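Hi everyone, thanks for having me. I'll talk you through one structure today, so please have it open in front of you.

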Amino acid sequence: MKYMILLLSVVWGLCSCSSDLNIKHAYSFTVKTLPLPQRLEQGETVALEFSLVRERIYEDAEYSFRYFQPDGKGVLTDDTGQRLAMNRLYRIKSDEFTLLYQSACAEVQQLDFVFIDNFGQELEYSVTFQHENKE
């Protein structure tokens, strides 16, 4: 009887174990930029040097961004000079990347970025420039 209970306990223990491992793939991340000027003159270009800071490196993680410009006017390009359209998804190829912004107005300008990973996590990041009045 004692062996029967022991055998049933072992069988129950083996059957109750799940073969599915719960492996975490989605790690948190943040985005930083090098210091930016607070003021821009119309026609002036500034480099937005981004750093993607990950909680952990997971090789299959992919990151993208889109942007919106709720205030002001300007042109955003990637480091190859390709003009980027608002609300389009662009893949981030490296944890360090640069975008170029050229002011096209004499008023406050704001760029709102949404960074997204392939696990559905989103992070919002905004950049604001005041108009540089050289008078």
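Let me start with a question: which strands each supply at least two residues of the lining of the largest pocket? The answer is β6, residues 90-92, and β7, residues 96-103. Before going on, I should say that what you're looking at is a predicted model.

Okay, a bit more on that pocket. About 320 Å³ of space lies in it. As for how anyone finds such a thing, rolling a probe the size of a water molecule over the atoms shows where empty space is left. The lining of the largest pocket has 15 residues, and D78, D79, R91, I92 and K93 are the ones that lie nearest the centre. What does that lining divide into? There are six nonpolar residues, four polar and five charged. And if you want to know who gives the largest share, that's β7, with four residues.

Now let's step back to the whole chain. It has one helix and nine strands. Going along the sequence, the helix comes up at the start of the pattern, and then you read β nine times: α-β-β-β-β-β-β-β-β-β. The chain has 135 residues, and 26% of them are buried. Here's a number about how it folds back on itself: take the contacts with a separation of 6 or more, and 65% of them are between residues 24 or more positions apart.

Next, the open sheet. It has four strands, in the order β1-β3-β7-β5, and the pairing is antiparallel. Which strands are at the edges? They are β1, at 29-33, and β5, at 74-78, and each of these pairs on one side only. On average, neighbouring strands in this sheet are turned by 25° against each other, ignoring direction.

Let's zoom in on one pair from that sheet. β1 and β3, the latter being residues 45-54, run antiparallel and are joined by five bridges. If you find V31, its bridge partner in β3 is L52.

While we're on β3, look for V46, which is in that strand. Is V46 buried or exposed? V46 counts as buried, because its relative accessibility is 8%, and the cut-off for buried is under 20%. What does V46 touch, leaving out residues up to four places away in sequence? The list is L36, P37, L40, L99, L100, Y101 and F129. V46 also has a nice long-range neighbour to point at: Q102 is 56 residues away along the chain, yet the two C-alpha atoms are separated by 6.5 Å.

Over on the edge strand β5, try T77, which is found there. T77 is buried too, with a relative accessible area of 13%. Setting aside neighbours within four places in sequence, T77 is in contact with Q82, R83, L84, L99 and L100. So you'll hear L99 and L100 again: V46 touches them, and T77 is in contact with them.

Now for the other strands. Where does β4 pair? β4 covers residues 63-71, and with β6 it pairs in the antiparallel sense over three bridges. There, S64 stands opposite R91 in β6, and R91 is one of the residues nearest the centre of the largest pocket. β4 also runs antiparallel to β8, residues 109-117, with seven bridges joining them. In that pairing F65 stands opposite F115.

Follow F115 along, as its bridge partner in β9 is L123. β8 and β9 pair in the antiparallel sense over eight bridges. They form a hairpin with four residues between the strands, where G120 takes a positive phi near 90°. β9 has a parallel pairing as well: β2, residues 39-40, and β9, residues 122-131, are joined over two bridges. L40 has H131 as its bridge partner there, and L40 is also one of the residues V46 touches.

One last stop, on backbone angles. Most residues other than glycine have a negative phi. Which way does N87 go, positive or negative? N87 isn't a glycine, but its phi is positive, near 60°. You'll find N87 in the loop between β5 and β6, and it is partly exposed, with a relative accessible area of 46%.

That's my tour, thanks for listening!

Technical notes
Residues numbered from 1 in each chain as written. Predicted model: local features only at pLDDT ≥ 70, side-chain atom pairs only at ≥ 80, totals over all residues. Heavy atoms only, no water. Pairing = 2+ DSSP bridges. Axes fitted to C-alpha atoms, helices over the stretch in contact; angles between N-to-C directions. Buried < 20%, exposed > 50% of the residue type's maximum accessible area, 1.4 Å probe, protein only. Contact = heavy atoms within 4.5 Å. 1 Å grid on protein atoms, 1.4 Å probe; cavity = no way out; pocket = protein on both sides within 12 Å on 5 of 7 lines; lining within 4 Å. Points joined across faces, edges and corners; volume = space filled by probe spheres on them. Nonpolar A, V, L, I, M, F, W, Y, C, P; charged D, E, K, R; others polar.
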